[in-house]
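Notebook open, model loaded. I'll jot things down in the order I looked them up.

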Amino acid sequence: MAQVKLTKKEVDDLRARLLEERGELQDQLTTIEDTSFSTTQSDLSGDVGLDDESADAGTATFEREKDLSIEQNVRDLLQKIDRALTRIDAGTYGVCDRCGKPIEKARVKALPYVDLCIKDARAQSRR
Ligand SMILES: [Zn+2]
């Protein structure tokens, strides 16, 4: 695959996509935080109201753990996007973090926040 530097137009398009995705992820994070906050609040109050709700305690814990792992993924992705935006500003966007060569264009367009070329990403996932 050709390793060609991204044009300014391409970088601008990718920046717009990154910003859009960042906004969506932040919305998602706010939703997750709101949800876990209200769950915690009702647990603390002890005022459950319905007797049969205690049977759902296990499910609630599971739901909360699921939320936490989703939250972790969203935070990881946000960090990657922030790093990519920083690299755009620094003029080092689209360049492999490991070998310093341009990352394959098709790869950057599929995953605008990647910071490794295909070869180095494969090498990393093998470890
Ligand atoms: Zn590389």
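Started with lysine 66: at 36% relative accessibility I log it as partly exposed, because that term covers the range between buried (under 20% relative accessible area) and exposed (over 50%), using a 1.4 Å probe and protein chains only. Before going further, a note to self: this is a predicted model, where local features need pLDDT of at least 70 and side-chain atom pairs count only at pLDDT 80 or more, while totals for chains, interfaces and linings use all residues. Residues are numbered from 1 along each chain as its sequence is written, and side-chain values use heavy atoms, with hydrogens and water left out.

**Charged pairs**

Lysine 66 has a salt-bridge partner in glutamate 63, at 3.5 Å from N to O. For the record, a salt bridge here is a side-chain nitrogen of Lys or Arg within 4 Å of a carboxyl oxygen of Asp or Glu. Both residues sit in helix H2, three residues apart, about one turn of the helix. I took helices as DSSP runs (H or I, at least four residues), numbered from the N terminus. Glutamate 63 is partly exposed too, at 35%.

Next I looked up glutamate 10, which meets lysine 109 in a salt bridge of 2.9 Å, N to O. That pair links distant parts of the chain, with glutamate 10 in helix H1 (residues 8–45) and lysine 109 in helix H3 (residues 105–110), 99 residues apart. Buried or exposed, I asked of glutamate 10? Glutamate 10 is buried, at 16% relative accessible area, and lysine 109 is partly exposed at 36%.

Then glutamate 33 and arginine 75: their side chains form a salt bridge at 2.8 Å, N to O. Here glutamate 33 in helix H1 is linked to arginine 75 in helix H2 (residues 57–90), 42 residues along the chain. I have glutamate 33 down as partly exposed at 35%, and arginine 75 likewise as partly exposed at 33%.

How many salt bridges does the whole structure hold? My search found 11.

**Zinc site**

I pulled up the protein donors of the zinc ion: Cys96 (SG), Cys99 (SG), Cys117 (SG) and Asp120 (OD), lying 1.8 to 2.3 Å from it. Donors are N, O and S atoms within 2.8 Å of the metal (3.2 Å for Na, K and Ca); water is not among the atoms, so sites may look incomplete. Along the chain I read their spacing as C-x2-C-x17-C-x2-D. Cysteine 96 is buried at 4%, while cysteine 99 is partly exposed at 32%.

Last check, disulfides (a pair of cysteine sulfur atoms within 2.5 Å): I found zero.

Notes:
Helix = DSSP H or I, 4+ residues; strand = E, 2+ residues; numbered from the N terminus.
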